[in-house]
Amino acid sequence: MFLTTKKDIKEIIDAAKKYQNIGIVGCASCASICLTGGSAQVGEMAQSLKKEGKNITFTISIDEPCDMRVLKEDMRFVEDNLANTDAVVVLSCGTGVQTISEFTKKKIITGTNSKFIAKTEHIGEYSPLCRGCDECRLNFTGGVCTITLCPKGLLNGPCEGHNGIKCEVDEEANCIFMNSYVNMKNFGEEENIARIFSPRDYSIKTFKKNI
Ligand code: SF4
Ligand code: SF4
């Protein structure tokens with residue numbers, strides 16, 4: 001699940017100030033689970049924008065707005081309204097926002113901040129576990145992602161601040177390198193404990209359009 005959080009409504013209103021006729025698209029998948037883009041949040045956004053004097057041309061919740069096939073199918077239901085729309089507020093992760101931008105060719109206003117790929121514990125409680133770094137090291141870290149879970153984003157650690165078990169930044173949490181160490185010991189993978197990973201090669205992050 002891609003974790004998103006709500007943007008401050010003031011930022012959305014500011015981004016929309018030049019536009020009068022506004023459509024709203026929600027995501028019924030990840031953003032719905034995060035309570036940032038489900039049908040309830042789409043309704044709340046419509047109310048907030050109406051209070052600012054905006055005309056809401058349509059609202060729709062799409063199962064996966066990041067999937068162009070689904071998006072094309074579902075947007076047929078609002079195509080007439082879209083023609084009379086100046087800007088579209090999108091309540092999804094950045095992938096959905098950009099897919100909708102490409103499809104509609106309209107001014108797009110995002111209502112969320114995209115954070116991490118996360119585990120859902122309960123609705124409203126999520127654990128970020130992956131940044132999608134494209135060079136996964138989980139095979140050699142005891143299955144824990146240090147660059148996501150260490151507050152300093154360290155690849156090779158621990159830092160000098162840990163007190164043996166606890167993290168110096170978050171005293172409630174274990175230093176993630178300690179968890180990694182324990183897992184490696186349990187799995188009999190001690191040979192990986194002293195492994196030093198090379199610095200990130202950002203040249204491979206330059207994706208081509210289709211990968
Ligand atoms: S190393 Fe971490 S951020 Fe990179 S792909 Fe693996 S889990 Fe995701
Ligand atoms: S104590 Fe461990 S988890 Fe905390 S910042 Fe340092 S290396 Fe990262």
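## Exercises on a predicted model

**Exercise 1. Helix packing**

Helix α4 (residues 68-75) packs with helix α6 (residues 94-104) at an angle of about 55°, and their axes lie 11 Å apart. The structure is a predicted model. Classify the orientation of α4 and α6, give the handedness of their crossing, and identify the residues that make the contact.

*Solution.*
Step 1. Angles under 35 degrees count as roughly parallel and those from 65 to 115 as roughly perpendicular. The angle between α4 and α6 is about 55°, and the two helices are therefore oblique to each other.
Step 2. The α4 and α6 helices cross in the right-handed sense.
Step 3. On the α4 side, the contact is formed by Met68, Leu71, Lys72 and Met75, and on the α6 side by Thr99, Ile100 and Phe103.
Step 4. Sorted by class, the contact of α4 with α6 comprises 5 nonpolar, 1 polar and 1 charged residues.

**Exercise 2. The parallel sheet**

State the strand order, the edge strands and the average twist of the open sheet of 4 strands.

*Solution.*
Step 1. The order is β3-β2-β4-β5, and the pairing is parallel.
Step 2. β3 (55-62) and β5 (107-110) are the edge strands, each pairing on one side only.
Step 3. From one strand to the next, the twist of this sheet averages 20°.
Step 4. Within the sheet, strand β2 (residues 21-27) runs parallel to β3 and is joined to it by 7 bridges. Asn21 is found opposite Asn55 of β3.

**Exercise 3. The antiparallel sheet**

Describe the open sheet of 3 strands, and explain why one side of each edge strand has no neighbour in the sheet.

*Solution.*
Step 1. The strands follow the order β1-β6-β7 with antiparallel pairing.
Step 2. β1 (2-6) and β7 (125-130) are at the edges and each has a single partner strand, so one side of each is left without a neighbour in the sheet.
Step 3. The twist here averages 65° from one strand to the next.
Step 4. Strand β6 (residues 112-122) pairs with β7 over 5 bridges in the antiparallel sense. Ala118 faces Pro128 of β7 across this pairing.

**Exercise 4. Ligand surroundings**

Which residues are around ligand 1, and which are the closest to ligand 2? Give the class composition of each shell.

*Solution.*
Step 1. Around ligand 1 are Cys130, Arg131, Gly132, Cys133, Cys136, Arg137, Leu138, Cys145, Ile147 and Thr148.
Step 2. The shell of ligand 1 holds 6 nonpolar, 2 polar and 2 charged residues.
Step 3. Ligand 2 is surrounded by 15 residues, of which Cys150, Cys159, His162, Cys167 and Cys175 are the closest.
Step 4. The shell of ligand 2 divides into 10 nonpolar, 3 polar and 2 charged residues.

**Exercise 5. Backbone geometry**

Determine the state of the peptide bond from Gly157 to Pro158 and the sign of phi at Lys105, and locate Pro158 and Lys105.

*Solution.*
Step 1. As a reference, phi is negative for most residues other than glycine, and most peptide bonds are trans.
Step 2. The bond from Gly157 to Pro158 is cis, its omega being near 5°. Pro158 belongs to the loop between α7 (146-149) and α8 (176-186).
Step 3. Lys105, although not a glycine, has a positive phi of about 60°. Lys105 is located in the loop between α6 and β5.

Notes
Residues numbered from 1 in each chain as written. Chains lettered and ligands numbered in written order. Predicted model: local features only at pLDDT ≥ 70, side-chain atom pairs only at ≥ 80, totals over all residues. Near = placed C-beta within 6 Å. Nonpolar A, V, L, I, M, F, W, Y, C, P; charged D, E, K, R; others polar. Pairing = 2+ DSSP bridges. Axes fitted to C-alpha atoms, helices over the stretch in contact; angles between N-to-C directions. Parallel < 35°, antiparallel > 145°, perpendicular 65-115°, else oblique. Left-handed = near helix turned anticlockwise from the far one by under 90°. Contact = placed C-beta atoms within 7 Å.
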